[in-house]
Structure formats: C-alpha cells, structure tokens
Amino acid sequence: MSRELPRDEDEGTEPPEPPTGHVSTTGPGIIVGFALTGLVLGWLLRPVSIRIRGTAPTVGWTPVLALILVAVILGAVAWSTYRDLHPKPGRPPRRLEPHQAVNRLVLAKACALAGAMVAGGYFGYALSWWRVSEAALAQQRIVQSLIAGLASVFIVAASLLLERACRVRDGDESDLT
C-alpha cells in the first residue's frame with residue numbers, strides 16, 4: 001500500500017529562502033517591563049500575605065546566597081564563552097557546537113528576564129516594608145530583600161554579558177546571534 005504525496009500546483013516556483021538565523025539582543029524595554037512587573041508583585045506580597053496568612057514572609061539567607069551563586073556561574077560562563085569566541089590576536093577561536101551556542105543564548109535570555117523580575121520582586125518587597133517600624137523583623141526583611149535584589153541585578157548583568165559574548169562577526173560561519 002503506497003500513499004502518494006500531494007503535488008504543488010506551482011511546481012515552477014522557487015522555494016522560499018531559509019530564515020537568516022539572527023536573534024536580536026534583549027532590549028532594555030523588556031527588562032524594565034519585567035522588573036516593573038516584579039516590583040508591583042513584590043510590593044503586593046506583604047499586604048496580601050498578611051491578609052491571607054496573618055503574617056508576612058521572611059527572606060532567608062539561602063535564597064540570597066543561591067542568587068549570588070547563579071550570578072557568579074553566569075558570569076563565569078559569559079567569560080568562558082567570550083574567551084573562546086573572541087581570542088587574543090594570533091590565536092584561532094575555538095569552535096562552539098551549535099547546540100551549545102543555542103543553549104547558552106537561551107540561558108542568557110531566560111536568566112536576564114527572570115533575574116529582572118526577581119530583582120523587581122525583592123525591591124518591591126523591601127519597598128513595602130519602608131517606614132514600617134512596628135514590625136519586629138522589618139529591618140531584617142528590608143536588608144535581606146535589598147541584597148537579594150542586588151544579586152538579581154547581577155544575574156541580569158551577567159546574562160546580558162553572556163548574550164553579548166555569543167555574538168560573532170558578520171559573515172563568520174559560526175554566527176550565533
């Protein structure tokens with residue numbers, strides 16, 4: 001039993017050109033949008049959680065340290081990628097496998113947006129505690145939220161550096177972005 005494939009009626013036309021394969025860098029507008037969304041959500045967290053649970057959540061040191069670790073790892077990957085693709089004069093660039101390049105680019109874009117939202121969330125949560133002196137842990141929550149927000153800003157910066165490290169010269173056969 002054989003199945004005949006349908007034939008195109010326009011057999012004489014040329015096939016469409018393949019896509020160029022260029023991905024634009026993450027712009028500041030989308031990062032600011034994600035950060036503002038996180039800011040509003042973080043600011044709303046305290047009153048909503050007090051209304052629902054009767055108490056506001058605390059910010060522990062474990063998530064803060066995890067954010068710092070993620071920022072350091074992203075920075076190291078960005079440095080390694082840049083060093084491999086943009087070597088010093090006289091040394092040939094190392095070839096990055098296409099799936100590795102795509103993985104790093106997707107990682108950079110995702111972490112930039114997630115980091116912006118998390119930074120906004122922590123800064124919004126710290127802002128919600130501003131001028132609230134009657135709470136026993138208000139100062140601790142503000143300090144830890146600000147440190148976590150700053151670590152998230154470093155995640156965004158390292159992600160953008162990784163994204164830019166994936167860029168290569170136009171016309172290079174290993175063009176990543």
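Cys-111 is buried, with a relative accessibility of 17%, a value that falls under the 20% limit for that class. Cys-166 is also buried, at 0% relative accessibility. These values, like those that follow, come from a predicted model. The structure contains 0 disulfides; a disulfide would require a pair of cysteine sulfur atoms within 2.5 Å.

The charged side chains come next. The model holds 2 salt bridges. One of them pairs Glu-163 with Lys-109, and the closest N and O atoms of this pair lie 3.9 Å apart. The contact connects distant parts of the chain, since Lys-109 belongs to helix 3 (residues 98-128) and Glu-163 to helix 4 (residues 138-165), with their positions 54 residues apart in the numbering. The N to O distance of 3.9 Å qualifies because the criterion for a salt bridge is a separation within 4 Å.

Glu-163 also takes part in a salt bridge with Arg-164, where the N to O distance is 3.8 Å. Through shared partners, the salt bridges unite Lys-109, Glu-163 and Arg-164 in one network.

How does the accessibility of Glu-163 and Arg-164 compare with the classes buried and partly exposed? Glu-163 has a relative accessible area of 1% and is therefore buried. Arg-164, by contrast, has a relative accessible area of 37% and is partly exposed, because that class covers values between 20% and 50%. The salt bridge of Glu-163 and Arg-164 thus joins a buried residue to a partly exposed one.

Note on methods: Residues are numbered from 1 along each chain as its sequence is written. This is a predicted model: local features need pLDDT of at least 70, side-chain atom pairs count only at pLDDT 80 or more; totals for chains, interfaces and linings use all residues. Side-chain values use heavy atoms; hydrogens and water are left out. Helices (H or I, at least four residues) and strands (E, at least two) are DSSP runs, numbered from the N terminus. Buried means under 20% relative accessible area, exposed over 50%, partly exposed in between (1.4 Å probe, protein chains only).
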